[in-house]
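Q: Please take a close look at one part of this model, its charged side chains. Explain how they are placed and what surrounds them in the chain.

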Amino acid sequence: MGRNDVTLEGYVRKIELRFTPNGAAVLNIRVPIDRRQKNKDTGEWESVNTTWWGLSTWNEDAEFQAEHLQEGDLIQFTGMPEMELREGKDGQTFANAVMK
């Protein structure tokens with residue numbers, strides 16, 4: 001079976017650069033992808049079913065992107081989508097969408 005990659009486009013909402021104990025750079029980026037639809041009552045367009053995607057890059061790529069990306073930038077990313085189960089601060093389990 002082949003790999004099922006998808007390409008998504010969205011605006012960067014959160015950027016966090018950190019370093020592992022052995023010095024490797026890791027950049028974590030959060031990007032919301034909305035489905036838009038017209039509200040039948042108001043006629044206005046609104047976002048529904050927002051999915052937040054987590055992206056990570058490592059090493060030189062992470063440092064380069066951390067220098068050049070800022071919140072609000074439009075980016076396009078390609079990878080294999082996965083859903084990871086996480087536990088929130090309130091103890092509730094939620095699904096987290098990530099690109100591998």
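A: In this predicted model, the salt-bridge count comes to one. The pair is E84 and R86, whose side chains meet with an N to O distance of 2.8 Å. That distance is within the 4 Å cut-off, so the contact counts as a salt bridge. Both partners are partly exposed: E84 has a relative accessible area of 21%, and R86 has 40%. For E84, the value of 21% is not under 20%, so E84 does not count as buried.

L85 belongs to strand β6, which covers residues 81–87. With a relative accessibility of 70%, L85 is exposed, because the class begins over 50%. L85 and D73 are separated by 12 residues in sequence, and their C-alpha atoms are 28 Å apart in space.

The other charged feature is a surface patch of negative charge, formed by E60, D61, E63 and E67. Membership requires over 30% relative accessible area and no salt bridge. E84 is in a salt bridge with R86, so E84 is not eligible for a patch under that rule. Two of the patch members can be followed further. E63 lies in helix α1 and is partly exposed at 38% relative accessible area, a value over 30%, so E63 passes the area cut-off for a patch. E67 is also found in helix α1, which runs over residues 59–68. Its relative accessible area is 64%, so E67 counts as exposed. E63 also has a contact in space with a part of the chain that is remote in sequence: A25 is 38 residues away in sequence, yet the C-alpha to C-alpha distance between E63 and A25 is 6.5 Å.

Helix α1 also holds N59, a residue other than glycine with a positive phi near 55 degrees. N59 is partly exposed, at 35% relative accessibility. A similar backbone feature appears at N49, again not a glycine, where phi is positive at about 55 degrees. N49 is in strand β4, residues 45–58, and counts as exposed at 55% relative accessibility. Most residues other than glycine have a negative phi, which is why a positive value is worth noting.

As for the setting of these pieces, the chain has one helix and seven strands. Read from the N terminus, the order of elements is β-β-β-β-α-β-β-β. The radius of gyration of the chain is 16 Å, well over the 13 Å that the globule rule gives for 100 residues, so the chain is more spread out than a compact globule. The C-alpha trace spans about 55 × 40 × 35 Å along its principal axes. Of the 100 residues, 27% count as buried.

To return to the charged side chains, there is one salt bridge by the rule used, between E84 and R86, and a negative surface patch made of E60, D61, E63 and E67.

Key
Residues numbered from 1 in each chain as written. Predicted model: local features only at pLDDT ≥ 70, side-chain atom pairs only at ≥ 80, totals over all residues. Heavy atoms only, no water. Patch = residues over 30% accessible without salt bridge, like charges linked within 9 Å, V, L, I, M, F, W, Y side chains within 5 Å. Areas by Shrake-Rupley, 256 points an atom, 1.4 Å probe, with all protein chains shown as cover. Lys, Arg positive; Asp, Glu negative; His and termini not counted. Charge placed at Lys NZ, Arg CZ, Asp CG, Glu CD. Helix = DSSP H or I, 4+ residues; strand = E, 2+ residues; numbered from the N terminus. Buried < 20%, exposed > 50% of the residue type's maximum accessible area, 1.4 Å probe, protein only. Rg over C-alpha atoms; globule rule 2.2 N^0.38 Å.
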